[in-house]
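Subject: The structure I promised you

Hi,

Here is the structure I said I would pass on. Have it open next to this message, and I'll walk you through what turned up.

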Amino acid sequence: MSLSKRYLLGMDLGTTNVKGIIMDEDGNIVASASRANELILPGPGMAEQDAGLWWEHSAAIMRELTQKAGAAIVDQICGVCISSQTVTMLPLDASGNVLRNAIIWMDSRSGQELSYILDTMGFERFVATVGAQPDSAFLPSKLLWFKNNEPELFAKTDCVLQASSYINFKLTGERTMDIDQAGKCQCLDINTLKWSDAIGDVLGIDLNMILPEPRRVHEIIGTVTEAAAKETGLRPGTPVAAGTSDSMASMYASGLCRLGEAGESSGTSSLVFIGHDRGSDPTLPVVAKPCSIEGMPYVFDAPITSSGSAIKWYLDTLGDGEKAYANQHGISVYDHLNALALKSKPGSGGLLFFPYLHGERAPLWNSYARGMFIGLSLDTKREDMIRSVFEGTAFALRHVIDTIRAAGAGASCLRITGGGAKSRTWCRIKASVLHMPVYILDEGSGDVPFGDCLIAGQAAGVFTNLGASIDRLIKVREEILPDEQWGSVYDELYPYYIEMYRSLDKDLARFEKTMQKIS
């Protein structure tokens with residue numbers, strides 16, 4: 001491999017895994033590494049992670065990458081970009097010490113605080129300020145919960161960072177937040193691109209004091225310090241970009257760079273993207289935001305809370321038999337699930353699964369939504385339950401895409417990246433539910449760290465036209481076409497999926513309040 005080439009390092013700090021790669025300017029991956037992340041669930045609706053483990057895993061991955069690549073390639077690394085799950089609340093004191101576990105996006109403990117914010121500020125004013133639908137997944141209610149429930153720690157807080165911002169801080173010593181995550185956290189006034197004084201007044205918090213000034217995604221925010229170089233194997237002085245959310249990096253990695261296509265990053269959760277030629281009404285449940293790719297000035301970026309996590313939930317809760325069979329026969333348990341799902345007919349024997357296991361973001365934006373099987377009978381088999389999980393998550397995807405279409409954008413194909421792309425059964429179901437082909441990308445190129453490398457290359461001047469570079473480097477490996485017979489069944493069932501949830505929505509909200517009283 002030619003050492004005259006320029007190299008880039010990209011890493012994604014996800015909810016479930018931390019993954020990183022080193023690639024050259026032609027898109028060839030020369031090293032890859034990953035570590036599993038750990039989820040902390042201290043109580044109902046609570047989800048946290050240890051930032052110390054974030055850095056431990058990140059540093060270990062970078063050491064492994066640099067060792068695999070070799071010193072000659074490490075010397076030619078032009079830029080580093082870190083993406084991460086979002087939104088996170090990680091408070092640091094003035095010395096840079098972490099004050100508590102990070103409260104991550106999955107956490108919904110701050111529902112009462114969100115109600116207070118909306119009652120005080122007004123729903124319409126809040127939405128017009130942040131340009132998106134409110135939810136306890138975002139930062140305002142989490143900050144207020146922190147202030148109200150842990151006042152001693154809050155008093156020591158010098159700044160609040162996102163997950164990728166913390167890794168950047170450990171690499172460079174700079175406390176930053178990229179503009180993508182700043183926009184997603186719902187503390188930013190989209191009209192001024194400044195921290196909202198109106199939201200800060202409701203919280204009783206000076207947001208300008210505790211939130212770093214937003215930086216452009218591809219802006220160089222600093223360089224690797226001597227101390228970080230010793231921990232990671234990187235060369236001191238290597239430029240580090242501001243980075244972005246996993247969703248934005250995933251969009252780049254999916255090859256989505258033109259209008260008329262949709263992308264899904266299918267992991268623990270799913271992130272759905274559709275390009276648009278203009279902005280959209282911020283009061284809609286999905287919102288088009290500015291995009292830096294030429295020819296696609298705006299993009300809808302809609303998160304689905306549980307997709308891959310729904311399959312993992314099935315395995316952890318009901319899947320002992322499937323795990324035992326897979327171990328006995330030396331096969332992947334996920335391959336076994338795919339095969340079992342195909343033993344059930346489309347429609348899963350009349351069983352519908354609603355994947356709202358931790359509430360739902362787009363397009364419901366309800367922390368009180370809950371997962372459900374509807375249609376269980378004495379005839380229901382395990383393969384029906386497995387297939388219904390695949391189908392229910394596909395219906396959730398269709399719900400988002402239909403909502404985006406109603407907002408004015410269109411798509412005729414779906415590019416899938418992430419772990420969900422490995423399941424041909426799931427992809428075939430999605431293609432049939434959506435009535436559009438699903439594109440599976442070349443191994444590696446569709447993964448989130450690939451998107452990080454593209455951003456690092458843009459920051460370092462390696463890729464001067466990001467859209468053209470995306471089009472050149474990312475190739476489709478396989479096209480999965482809809483099964484129209486399946487699709488006709490799904491068209492019959494999908495309205496029930498929508499209407500059944502709508503009928504239960506108010507009851508689920510009341511049920512959550514009741515459970516809060518008795519728990």
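Leu 118 sits in helix 3, which covers residues 111–121. Is this leucine buried or exposed? Its relative accessible area is 18%, and the cut-off for buried is under 20%, so Leu 118 counts as buried. Now find Ala 421: it is 303 residues away from Leu 118 along the chain, and the two C-alpha atoms are 38 Å apart. Before you go on, keep in mind that this is a predicted model.

Next, the salt bridges. How many does the structure hold? The count is 34, and here are a few to look up.

Start with Asp 316 and Lys 312, whose closest N and O atoms are 2.7 Å apart. Both residues belong to helix 13 (308–318), and they are 4 residues apart, which is about one turn of the helix. As for accessibility, Asp 316 is at 45%, so it is classed as partly exposed. Lys 312, at 43%, is partly exposed too.

Then there is the bridge between Arg 382 and Glu 322, with 3.0 Å from N to O. This one connects distant parts of the chain: Arg 382 is in helix 16 (382–406) and Glu 322 is in helix 14 (320–329), with their positions 60 residues apart. How do the two partners sit, buried or exposed? Arg 382 is partly exposed, at 41% relative accessibility. Glu 322 has a relative accessible area of just 2%, and because the limit for buried is under 20%, Glu 322 counts as buried.

A third bridge joins the side chains of Arg 477 and Glu 478, at 3.9 Å from N to O. Arg 477 has 46% relative accessibility and is partly exposed. Glu 478 is also partly exposed, with 23%.

Salt bridges can also link up into a network. Which residues do that here? Glu 48, Arg 100, Asp 107, Arg 109 and Glu 150 are connected in this way.

On to the pockets. I picked the second largest pocket, which has a volume of about 650 Å³. It has 27 lining residues, and those closest to its centre are Ile 179, Leu 193, Lys 289, Pro 290 and Cys 291. Four elements each give two or more residues to the lining: helix 8 (179–184), helix 12 (246–253), strand 18 (288–290) and strand 19 (298–304). Which element gives the largest share? That is helix 8, with 4 residues. Sorted by type, the lining has 15 nonpolar, 7 polar and 5 charged residues. If you wonder how one looks for a pocket at all, rolling a probe the size of a water molecule over the atoms shows where empty space is left.

There is something to see on the surface as well. Phe 511, Met 515 and Ile 518 make a nonpolar patch of about 320 Å². Met 515 is part of helix 20, residues 484–518. With 36% relative accessibility, Met 515 is partly exposed.

Last, some backbone details that are easy to miss when you scroll through.

Two peptide bonds are worth a look. The one from Thr 86 to Val 87 is cis, with omega near 15 degrees. You'll find Val 87 in the loop between strand 5 (77–84) and strand 6 (90–92). The bond from Ala 362 to Pro 363 is cis as well, with omega near -10 degrees. Pro 363 is in the loop that runs between strand 20 (352–354) and strand 21 (372–374).

That loop between strand 20 and strand 21 also holds Trp 365. What is notable about its phi? The angle is near 55 degrees, a positive value in a residue that is not glycine. Trp 365 is buried, at 13% relative accessible area.

His 435 has a positive phi too, about 60 degrees, although it is no glycine either. Look for His 435 in the loop between helix 17 (424–434) and strand 23 (438–441). With 34% relative accessibility, His 435 is partly exposed.

Write back if you get stuck finding any of these.

Cheers

Conventions:
Residues are numbered from 1 along each chain as its sequence is written. This is a predicted model: local features need pLDDT of at least 70, side-chain atom pairs count only at pLDDT 80 or more; totals for chains, interfaces and linings use all residues. Side-chain values use heavy atoms; hydrogens and water are left out. On a 1 Å grid over the protein atoms alone, a cavity is a set of points where a 1.4 Å probe fits but cannot get out, and a pocket is an open set with protein on both sides within 12 Å along at least five of seven lines; lining residues have an atom within 4 Å of a point. Grid points are joined across faces, edges and corners, and a volume is the space filled by probe spheres set on the points. Ala, Val, Leu, Ile, Met, Phe, Trp, Tyr, Cys and Pro count as nonpolar, Asp, Glu, Lys and Arg as charged, and the others, Gly among them, as polar. Patches are made of residues with over 30% relative accessible area and no salt bridge: like charges are joined within 9 Å, nonpolar side chains (Val, Leu, Ile, Met, Phe, Trp, Tyr) within 5 Å. Accessible areas come from the Shrake-Rupley method with a 1.4 Å probe; for residues, only the protein chains shown count as cover. A salt bridge is a side-chain nitrogen of Lys or Arg within 4 Å of a carboxyl oxygen of Asp or Glu. Buried means under 20% relative accessible area, exposed over 50%, partly exposed in between (1.4 Å probe, protein chains only).
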